[in-house]
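Got the viewer open? Let's take a short walk through this protein, one selection at a time.

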Amino acid sequence: MEVTFLGTGTSQGIPIIGSNHPVCLSNDPKDKRLRVSIMVRWDAYTYIVDCGPDFRQQMLNQQVSEINGVLFTHEHADHTMGLDDIRPFFFRQGDIPIYAHKRVLKALKKRFDYIFASENKYPGAPSVIENEITSQPFTLGTLDIIPINAMHNRLQVFGFRFDQFAYLTDVKTITSEEIEKLRGVKVLVVNALRIEPHHSHFNLEEALEFIALIKPEKAYLTHISHMLGFHKEVQAQLPEGVYLAYDNLKITL
Ligand SMILES: [Zn+2]
């Protein structure tokens with residue numbers, strides 16, 4: 001299995017438009033972060049988790065020519081606003097499968113009504129195949145995916161376990177029952193927004209506590225704000241086996 005970090009930034013990305021913050025002005029490519037998303041590949045399958053406003057650029061960066069589907073963690077704009085850009089895949093492959101909570105599918109239908117239209121559909125609009133995710137495992141290609149329920153303040157979000165790999169973003173709290181579903185993962189990705197606490201995201205301290213509970217072989221931090229600091233400086237202070245993810249990083253399991 002190969003996991004590619006397509007984007008590792010928080011909702012505004014880094015740099016933020018018009019910002020003079022030193023991290024936003026950094027020339028280190030690892031300090032430039034598109035909106036959060038990963039691509040997971042195994043056997044002949046390619047799935048994308050979240051499809052934010054940078055989706056087009058991310059597909060170009062990685063030269064992706066075919067996808068098997070898009071999974072959504074939740075409906076916030078930084079995770080969904082690139083859905084229109086599935087068009088090139090739709091034109092080549094036909095309807096693109098999407099996987100999301102019922103509530104998220106409803107939100108997507110409201111925002112992208114033309115994608116879901118069944119009558120007088122605009123000829124250039126893409127079409128999707130809706131797959132509702134519940135708390136039950138579901139199959140993608142040759143793999144059973146385990147959804148992990150977590151809370152983003154008061155909003156439910158899904159994390160996903162792909163065999164030995166698990167991806168969670170926009171988490172603030174998670175029950176011990178859901179944590180049990182993560183036992184034995186080799187590689188864990190989790191959000192760490194910044195040093196200061198935040199009402200709907202783990203800060204660095206909370207993310208490290210969570211990682212210490214799960215004890216994966218390796219953990220990667222994502223959904224990063226410019227306020228966390230320079231990649232180089234933050235990485236130097238992380239415990240062994242914990243890494244700050246950066247855009248275009250690939251890991252193999
Ligand atoms: Zn987000």
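Before the first click, a word on labels: UniProt positions are given here in the numbering of this chain, feature names are shortened, and annotations may be inferred rather than shown by experiment. Also keep in mind that you're looking at a predicted model.

**Stop one: the whole chain.** Select everything and colour by secondary structure: there are 9 helices and 14 strands to find. Turn the chain around and you'll see that the C-alpha atoms fill a box of roughly 55 × 45 × 35 Å along the principal axes. A compact globule of 253 residues would have a radius of gyration near 18 Å, so the 17 Å of this chain agrees with that. As for burial, 41% of the 253 residues count as buried. Among contacts with a separation of 6 or more, 60% link residues 24 or more positions apart.

**Stop two: residues 34–223.** Select this stretch next; an unreviewed UniProt entry annotates it as "domain: Metallo-beta-lactamase". Put a distance label on its two end C-alpha atoms and you should get 9 Å. The span is 25% helix and 31% strand.

**Stop three: strand β1.** Now pick residues 2–7, where 5 of the 6 residues are buried. Which strands pair with β1? One is β14, residues 250–252, joined in the antiparallel sense over 3 bridges. Show V3 and you'll find I251 of β14 opposite. Another partner is β2, residues 37–42, also antiparallel, with 5 bridges. Here, show F5 and look across to I38 in β2.

While you're zoomed in, remember that side chains in a regular strand alternate between the two faces of the sheet.

Technical notes. Residues are numbered from 1 along each chain as its sequence is written. This is a predicted model: local features need pLDDT of at least 70, side-chain atom pairs count only at pLDDT 80 or more; totals for chains, interfaces and linings use all residues. Helices (H or I, at least four residues) and strands (E, at least two) are DSSP runs, numbered from the N terminus. The radius of gyration is taken over C-alpha atoms; the globule rule is 2.2 Å times the number of residues to the power 0.38. A residue is buried if 20 or more other C-beta atoms lie within 10 Å of its own, exposed if 12 or fewer, and partly exposed in between; C-beta atoms are placed from the backbone. Two residues are in contact if their C-beta atoms, placed from the backbone, lie within 7 Å. Two strands pair if DSSP finds at least two bridges between them.
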